Amino acid sequence: MERAPKFEGRPVWAEISLGAIQRNFRRIRRHIGRGRKILSVVKGNAYGHGAVPVSKALAKAGSDWFGVTSTAEGIELREAGIRQPILLLTGFWPGEERRILRYRLTPVVTEITQLHLLERAARRVGRRLDFHLKVDTGMSRLGIAPSAADAFLAALADCPHLRLGGTMTHFASSEVFTNTQTEAQLRVFLDFVARLRAAGLHPGLLHLANSAAIASRPETWGDMVRPGALLYGYHQRYDPPERLAEVCETLPLEPALSLRARIVSLRDLPAGVGIGYNARFVTDRPSRIAVIPAGYADGLVRQLSNTGRVIVRGRCVPIVGIVSMDLTTIDVTDVPGVRLGDVVTIFGRQGPLSRSPFDVAAEIGTVTSDLLCALGSRVPRFYRR
Ligand SMILES: Cc1ncc(COP(=O)(O)O)c(C=O)c1O
């Protein structure tokens with residue numbers, strides 16, 4: 001979007017390229033080959049990008065499945081007209097079974113007792129219900145233990161209305177190549193699947209790979225992959241870091257999001273003046289300080305206080321003082337011609353300069369997805385095809 005969108009109200013907004021998301025999807029498709037399915041992870045409001053518009057764009061691009069984290073997120077997609085299967089990646093809560101059936105959502109079973117809840121609900125409406133099984137292969141978070149395979153098989157035998165449509169696991173550190181945790185998880189998973197098969201149970205779709213595994217570990221691709229961050233244009237930070245250059249070459253991506261605001265206040269201050277809460281920045285020279293109407297409730301996270309940078313008129317300038325909920329102060333002393341109303345780029349590209357959420361996340365010691373999900377619900381999103 002070359003020009004700022006026209007709209008009324010508080011001048012902070014996100015520009016989201018649905019075209020970039022679709023191109024990232026197609027790049028993933030080419031990378032993994034046509035024989036495998038892709039489940040687009042659109043939980044967390046599609047990592048802040050807007051679950052409904054993003055899912056519609058991905059459905060057009062050919063996404064086979066969608067992954068969300070809650071029944072409410074799944075229902076939002078169904079009501080918006082998404083017809084593809086929707087997987088509830090982190091399971092479901094007792095009492096949600098009827099809505100799962102009604103909206104044709106696919107639950108992930110993470111505890112054996114959940115089978116009975118689903119069976120009872122499916123029996124009541126006289127329908128068969130597909131579910132996926134999550135196996136805890138070493139993340140030690142959600143999923144049934146590999147040692148519970150026999151208990152699972154016995155419980156499922158008592159559930160004639162349920163069908164195992166897929167078996168999955170989640171990697172704890174697929175971006176790390178300095179240990180062998182992912183290899184170990186893969187082995188545990190394949191052993192578990194072999195036990196199901198030996199007992200005469202078809203495991204359904206096998207899926208394990210998140211973004212880093214998709215980008216760099218073909219042996220984990222199974223029947224379906226589950227990209228999140230890749231869709232929005234970001235790789236992970238790898239260990240060792242040199243791996244990143246390799247994956248950027250084999251799987252180039254386009255970041256889809258820009259976050260921008262306009263300067264709403266400009267003041268010239270002498271040296272020695274404290275700026276913002278607790279005067280955590282004090283001018284050390286006569287300074288021109290600008291205010292942008294974006295704070296941590298918008299996604300300009302507080303960790304950027306006194307350390308972050310934004311782009312104005314082709315220059316990278318520092319955030320000075322504490323980022324507050326609604327406002328942030330920046331030092332524009334060195335920006336010739338700076339004016340009220342100038343567009344400030346918080347994330348994204350402006351001319352030849354760019355502030356990628358990937359780099360910003362690295363600077364403050366977090367992951368890109370954390371920054372993306374912080375994008376506030378009050379920030380208007382403008383979509384570009
Ligand atoms: C089960 C599962 N699969 C896939 C993903 C996507 O992860 P990424 O954004 O690293 O691709 C997530 C995200 O947390 C997840 O929980």
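**Exercise 1. Count the secondary structure elements of the chain and describe its overall extent.**

Step 1. In this predicted model, the chain holds 13 helices and 20 strands.
Step 2. Take the C-alpha trace along its principal axes. The spans are about 80 × 45 × 40 Å.
Step 3. Turn to burial. Of the 385 residues, 45% count as buried.
Step 4. Check sequence separation in the contacts. Take those between residues at least 6 apart in sequence; 66% of them join residues at least 24 apart.

**Exercise 2. Divide the chain into domains and give the distance between their centres.**

Step 1. Domain 1 covers 18–250, and domain 2 covers 257–355.
Step 2. Take each centre over C-alpha atoms. Domain 1 and domain 2 then lie 40 Å apart, centre to centre.

**Exercise 3. Place strand E7 between its partners.**

Step 1. Locate the strand. E7 spans residues 162–168.
Step 2. Is E7 mostly covered or mostly open? Buried here requires 20 or more other C-beta atoms within 10 Å of a residue's own. In E7, 5 of the 7 residues are buried, so the strand is mostly covered.
Step 3. Find one partner. Strand E6 (residues 129–134) runs parallel to E7, with 6 bridges between them. Within this pairing, Phe 131 faces Leu 164 of E7.
Step 4. Find another partner. Strand E8 (residues 205–207) also pairs with E7 in the parallel sense, over 3 bridges. Here Met 168 has His 207 of E8 as its bridge partner.

**Exercise 4. Trace the crossovers that enter and leave E7, and give their handedness.**

Step 1. Start at E6. Helix H7 (residues 149–157) joins E6 and E7 in a β-α-β unit.
Step 2. Assign the hand. This E6–H7–E7 unit is right-handed.
Step 3. Continue from E7. Helix H8 (residues 181–198) forms a β-α-β unit with E7 and E8.
Step 4. Assign the hand again. The E7–H8–E8 unit is right-handed.

**Exercise 5. Do the same pairing analysis for strand E2.**

Step 1. E2 covers residues 37–41. Of its 5 residues, 4 are buried, and the strand is mostly covered.
Step 2. Which strand meets E2 over 2 bridges? Strand E9 (residues 224–225) does, in the parallel sense. Lys 37 has Met 224 of E9 as its bridge partner.
Step 3. How many bridges join E2 to strand E3 (residues 65–68)? There are 3, and the two strands run parallel. Ser 40 sits opposite Phe 66 of E3.
Step 4. Collect the result. E2 pairs in parallel with E9 and with E3.

Definitions and conventions:
Residues are numbered from 1 along each chain as its sequence is written. This is a predicted model: local features need pLDDT of at least 70, side-chain atom pairs count only at pLDDT 80 or more; totals for chains, interfaces and linings use all residues. A residue is buried if 20 or more other C-beta atoms lie within 10 Å of its own, exposed if 12 or fewer, and partly exposed in between; C-beta atoms are placed from the backbone. Two strands pair if DSSP finds at least two bridges between them. A crossover is right-handed if, with the strands pointing away from the viewer, the path from the first strand over the helix to the second runs clockwise. Domain bounds come from an automatic or database domain assignment. Two residues are in contact if their C-beta atoms, placed from the backbone, lie within 7 Å.
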